[in-house]
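The questions below take up the fold, the core and the enclosed space of one protein chain.

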Amino acid sequence: MAFSSARARALAVTTLVLRIITLGLLAASLAVIASSARTQYDVGHVDIIGDYDAFSYIVGVAPRELFGVNFQDLYTFRYVLSVAAIGCAYTLILIPLAIMSVVKGKRFGSTSAARILIFTDVVFCALFTSGGAAGLGLVVDNQRINGKYFDHGLRKFYTFFDTSCGLLLASAICTVVIIKVSVYSK
């Protein structure tokens, strides 16, 4: 009986630590994506006319349709931001339950409650994965199609966006481990 109690406490502590790591990753993702908001995408480019030695050039502006006007036009950006915010709220709700499990030395609630928590963890894992993958897909496509028009600010924006999506995917991995621990402790 002592082995079962020690095992249950160890699994509860593991779940708590993983939930705290997940919260940290989601909060970092939210902070990175919120700080990367660039409101103007107009990109200046240089068209060299005539002889390169004479340095005749015209400074122009890339078409607005090429990039969009602001970050609110990027639905993927808003989706990734929403996924990170909702994930933070969900994880903040579950951390007190994980603390109660550590204190009691056994899992929270009955078998039905554990199944509901496992199911919601699976749903949120899918949400984190879809948010991260959609954001990374947007970054890769925009860099492939419009990369030659990127200035320093736009590259920085997409680097932050890429980082935020990577953190979302890392939180999905932590959630997968939480699911495995929860199923194992069941």
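What follows is a short set of questions and answers on this model.

This is a predicted model, in which local features need pLDDT of at least 70 and side-chain atom pairs count only at pLDDT 80 or more, while totals for chains, interfaces and linings use all residues. Residues are numbered from 1 along each chain as its sequence is written, and side-chain values use heavy atoms, with hydrogens and water left out.

Q: In what pattern do the helices and strands follow one another along the sequence?
A: Helices (H or I, at least four residues) and strands (E, at least two) are taken as DSSP runs, numbered from the N terminus. The chain has five helices and two strands. Read along the sequence, their pattern is α-β-β-α-α-α-α.

Q: Which element gives the largest share of the largest nonpolar core?
A: A nonpolar core is a set of buried Ala, Val, Leu, Ile, Met, Phe, Trp, Tyr and Cys residues joined through side-chain atoms within 4.5 Å, where buried means under 20% relative accessible area, exposed over 50% and partly exposed in between (1.4 Å probe, protein chains only). The largest such core has 30 residues, of which Phe 128, Tyr 158 and Phe 161 touch the most other members. Two or more residues come from each of α1, α3, α4 and α5, and the largest share, nine residues, comes from α3.

Q: How much space lies in the largest cavity?
A: On a 1 Å grid over the protein atoms alone, a cavity is a set of points where a 1.4 Å probe fits but cannot get out, and lining residues have an atom within 4 Å of a point. Grid points are joined across faces, edges and corners, and a volume is the space filled by probe spheres set on the points. One cavity of 30 Å³ or more is counted, and the space in the largest cavity is about 50 Å³.

Q: Which residues line the largest cavity?
A: At least two lining residues come from each of α1 (2–35), α3 (75–104), α4 (111–146) and α5 (152–185). One of the lining residues is Thr 22, which lies in helix α1 and is buried at 3% relative accessibility. The full lining is Arg 19, Thr 22, Tyr 90, Thr 91, Asp 121, Phe 128, Thr 175 and Ile 178.

Q: How many disulfides does a search of the whole structure find?
A: A disulfide is taken as a pair of cysteine sulfur atoms within 2.5 Å. Cys 125 is buried at a relative accessible area of 9%, and Cys 174 is buried at 13%. Across the whole structure, the number of disulfides found is zero.

Key. On a 1 Å grid over the protein atoms alone, a cavity is a set of points where a 1.4 Å probe fits but cannot get out, and a pocket is an open set with protein on both sides within 12 Å along at least five of seven lines; lining residues have an atom within 4 Å of a point.
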